[in-house]
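Me: Please display the model to be discussed. A series of questions on its architecture will follow.

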Amino acid sequence: MTQTRKPSDPKHRTREPKTPSSSSSSSFSTSGMKLIVPLQGVVQGRGGLFLGTLIPCALFYFLQLYLKRRRSGFNNPPSPSSTSSPTLPRTSSRSNLSTRGSISRVRVSKLATLVAKPDDSLYYLGLEKVSQDPYDASENPNGIIQLGLSDNKLCLDLIGKWVSRNLEGSLMGSSDDVTLSINGIAPYQPHDGLGELKMALSDFMQQVMGESVKFDPSNMILTSGATPAIEILSFCLADHGNAFLVPTPYYPGFVRDVRWRPGVDLIPVHCRSTDNFNLNITALEQAYSQARKRGVKVRGILISNPSNPVGNILTPDVLFSLLDFAEEKNIHIIADEVFAGSTYGSDKFVSIAEILDSEYVDKSRVHIVYGLSKDLSLAGFRVGVIYSFNHTVLAAAKKLSRFSSISAPTQRLVASMLSDKRFIQEYLETNRYRIQQVHDKFVDCLSKLGIKCAKSSAGMFCWADMSGLIRPYSEKGELELWEKFMSVSKINITPGSACHCIEPGWFRICFTSISFEDIPLVIERIRRVVESCKSSS
Amino acid sequence: MKLLSTKATCNSHGQDSSYFLGWEEYEKNPYDEVHNPKGIIQMGLAENQLCFDLLESWLEKNPDAAGFKRDGKSIFRELALFQDYHGMPAFKKAIVDFMAEIRGNKVTFDPNHIVLTAGSTSANETLMFCLAEQGDAFLLPTPYYPGFDRDLKWRTGVEIVPIQCNSSNNFQVTEAALQQAYEEAQKRNLKVKGVLVTNPSNPLGTTMSRGELNLLVDFIKEHGDMHLISDEIYSGTVFSSPGFVSVMEVLKERNELKVSSNEDDNNADRVWDRVHVVYSLSKDLGLPGFRVGAIYSENDDVVSAATKMSSFGLVSSQTQYLLSAMLGDKKFTKLYITENEKRLKRRQRMLVSGLQKAGIGCLESNAGLFCWVDMRHLLSSNTFEAEMDLWKKIVYQVGLNISPGSSCHCTEPGWFRVCFANMSEQTLNLAMKRLTAFVVECTGNGGSAKRNGGLKMKSLTKWVFRLSSRRDGREQEER
């Protein structure tokens, strides 16, 4: 049984600043009418009923059009429109959040006011709470255990060893340099990344994606992480006020990457547990037509494959259907493949690049985002990739990469690491093995507590169904359960509402930030909450 | 072909198409002492390569910093996953201390009010997003860094209205010019959100006077909703008097710094929350490849918003750690700052005297990595076309890539920015020799430069036209 979410809380709706045009046009209509009626009377006296109605209305229309044109292009998030607006924070009865941030003494931009506000997404709130009271086995055993961030700590030992063995050679000079000198890393470098790193990354991506597809370094733009990669693509592919379709549940960070500065809307395409949250093309069609009816221009589809937060892999069939859909509507596809190397299940990961090879399709509409934060556990190093077949996009993204360039010493270090193919092979295999171990054990323990997880084949998390534990079966119930986990058992997990999931009760639990040995501790803490929910029902 | 966004397909990112010819020619024919002695010498890149040896020796003596170790123990795990947009506390502390040291410790900075970004390019753009709406404007004194047309305007939709400065008073900002710029913006129906200045100035190489800074602070006080951004990325390149005066120092002198975090204690007629400083390690420390920039502001909303936006340009944890160790070494920073100053001064002197020998003067400068050179007397006419012609001659005939004043929006033709810190002394000497020879030829052969213009210009422009049609629009760095 599924239940759609309640419309966003009206209290929240008013907190969003209204668009200037919508608010003033509504007030204008009332004042406009005050103008029209007497005017009609005057004109009707002279020009008869027909002209008496037509002329004032025409004047009114043109005046409104003129005023609308004068307004600036940069709007706030468009006015909320029923349940399909993903932009509004979905939490309802939130515990008090400081509203001080929204009152500024001197005016900063509307964007700054919006961004500076304390985050009310439970995803970010949870991360903040952990940072205030982080668990540490020896220093702070009663702290909050972080299960809300998909960091991979399982294979850091391997990378650490490689670095300590190989660092000196890799930091300053490339393999061609006879002498190590700072000349290699200090001066200005191409904004879109060093050639040697692009080459190393293209080989790495090929390795990660099973050697079945080759990547061309000249189709790459490097950025400081996948976060700016998505923002840059949004700036390139859509104008302010346009939209991307995105299957739910989705990674909470997309809202920041796509909406904040590019001003592109995210229109959810709801996926259901009955399909194991797999994308349904019919739902995609529906979302697209509804958007069109509302006059919203859809410029692309944003997918994550392997999916975050569910962890399932899109099959080649679905990818083909997506391409057909994009072709038919003449829109783009942005495929975020950052978890491509973190697979463990029986399903094989197939990159959308591989599909393109095998089918005659306009490649210039497909753009892939990749990065080393997940597969190589190097989130701190900030290495991301935009991979595109579209030369105009590449040219524009190259110019935009100046705002998000990767630090040169890091580029050299990473290029050197990736070129050690033997190490990389060993790393990828070990990583997959360890993720699988932890995943299987974790999911098994959860199921013994009565918590089932969606079938997943990749990623660093499981998508757990706790709908049986929430009362009422709604977003409110889900929020209360989240708070219980946070305060009673002190673990941070991500509620489905933060990922815009349409069914309440699902939670994303990341298991790669803890070790295999820590699993019993975590399960014990979860058990406490489960018991307390069962006993209170 | 799917439609792309207007931003991706338009050309409104301020790229002056003729400007890049110089860069392209350099790329095709770069000077090399051994392999290509007749190639083009790069004098259009404001890079500080004078103190690499100091950096290298520090790295050699401190292998732990580059080796992800602290006190001999590996902290790799910690660094590998560190992606907190608040930045590494040790690094922020080290940067604010370094900034204070550069300012003679006359002002101090609070590490909680600094936001780290991937270079000052990112810092400037982020500040625009935080302070202005699309279609608003910022006033900038001319001449200014050509990159601002792209960094401040492109994705943000903000407009730049120039404050016209000229050589009559050494390009200083005057009240009249400021007022004129403001009125110009009003005429264009643009809401002015503030003023952005580069101090020390790029391309002038001069520090702003107290008078100018006070004038600017007065101006934003008068207009209560305006901000003042001071891009101080060259603050550590000041090599002679008058010394560097930061806008923060001026605020302190006027008793207009933030007094406390208690609302009531602060000056009612506050201005401290509308003044923001941009910094970077690309010029002072000569590390543009490391991509380290910063925004400093006492305005909590700006800091909060900019911090979150820094997600789009975080500095790698490896770099943060390495530099926190380097800048935390106070003995090193003291040595570096003094030595850097000395070497820059010497280099600038070399350039100035070399230019003098060629009969070319320049604006008297006390900072920066370049000089603002006066070649008005070599123009065939007092026009920007003549400036372009002269520039092309200097690139192709003389073999020097320098930056024409028109690309910096200078109001007077004939000024050029010439960099001196990105090459060896021998190369600089060679450049001066070439220039002298050119000037002699120019002024010696048949009288004034004006006459020489004619014939050479026609064939030159034809050649240039052919080249520009082959251009593939490559992007270059102009700082």
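Reply: Buried means under 20% relative accessible area, exposed over 50% and partly exposed in between, with a 1.4 Å probe and protein chains only. Helices (H or I, at least four residues) and strands (E, at least two) are DSSP runs, numbered from the N terminus. This is a predicted model, in which local features need pLDDT of at least 70 and side-chain atom pairs count only at pLDDT 80 or more, while totals for chains, interfaces and linings use all residues. Residues are numbered from 1 along each chain as its sequence is written, chains are lettered from A and ligands numbered from 1 in the order in which they are written, and side-chain values use heavy atoms, with hydrogens and water left out.

Me: How many residues of helix H13 of chain B are buried?

Reply: Helix H13 of chain B covers residues 317-328. Among its buried residues are B:Tyr321, B:Leu322, B:Leu323 and B:Met326. The helix is mostly covered, and the number of buried residues is 10 of 12.

Me: What distance does H13(B) reach from its first C-alpha to its last?

Reply: The expected span of a helix is 1.5 Å times one less than its number of residues. H13(B) has 12 residues, for which 16 Å is expected, and the value in the model is close to that, at 16 Å.

Me: Why is strand S10 of chain B described as largely enclosed by the rest of the structure?

Reply: In a regular strand the side chains alternate between the two faces of the sheet. In S10(B), B:Gly293, B:Ile295 and B:Ser297 lie on one side and B:Ala294 and B:Tyr296 on the other, and both faces are covered. Strand S10 of chain B (residues 293-297) is largely enclosed because its buried residues number 5 of 5.

Me: Which residue of S10(B) is the bridge partner of B:Leu116?

Reply: Two strands pair if DSSP finds at least two bridges between them. Strand S4 (residues 114-117) of chain B is joined to S10(B) by 4 bridges and runs antiparallel to it, while strand S9 (residues 275-280) of chain B is joined to S10(B) by 5 bridges, also antiparallel. On the S9(B) side, B:Tyr279 is partnered with B:Ala294. On the S4(B) side, the partner of B:Leu116 is B:Ala294.

Me: In what order do the strands of the open sheet containing S15(B) lie?

Reply: The edge strands are S11 (361-362) and S14 (403-404) of chain B, each pairing on one side only. Strand S12 (residues 370-374) and strand S15 (residues 415-419) of chain B pair in the antiparallel sense over 5 bridges, and B:Phe370 has B:Cys419 as its partner. The order of this open sheet of 4 strands is S11-S12-S15-S14.

Me: At what angle to S15(B) does helix H15 of chain B run?

Reply: Contact means heavy atoms within 4.5 Å; axes are lines fitted to C-alpha atoms, for helices over the stretch in contact, and angles run from 0 to 180 degrees between N-to-C directions. Helix H14 (residues 330-357) of chain B lies across S11, S12 and S15 of chain B at about 15 degrees to S12(B). Helix H15 (residues 384-398) of chain B lies across S14 and S15 of chain B, and its angle to S15(B) is about 30 degrees.

Me: Which strands of chain A does helix H14 of chain A touch?

Reply: In chain A, 4 strands form an open sheet with antiparallel pairing, in the order S9-S10-S13-S12. The edge strands are S9 (452-453) and S12 (494-495) of chain A, each pairing on one side only. Helix H14 (residues 421-448) of chain A packs on the sheet at about 15 degrees to S10(A), and the strands touched are S9, S10 and S13.

Me: Is A:Glu426 buried, partly exposed or exposed?

Reply: A:Glu426 is found in helix H14 of chain A. Its C-alpha atom is separated by 9.2 Å from that of A:Leu158, 268 residues apart along the chain. With a relative accessible area of 42%, A:Glu426 is partly exposed.

Me: How many salt bridges are counted between chain B and chain A?

Reply: The contact takes 81 residues from chain B and 86 residues from chain A. The buried area (the accessible area, with a 1.4 Å probe, that two parts lose on being put together, summed over both) is about 7,200 Å², of which carbon and sulfur atoms give 59%. A salt bridge is a side-chain nitrogen of Lys or Arg within 4 Å of a carboxyl oxygen of Asp or Glu; A:Arg402 forms one with B:Asp151, the closest N and O atoms being 3.9 Å apart. The count of salt bridges between the chains is 4.
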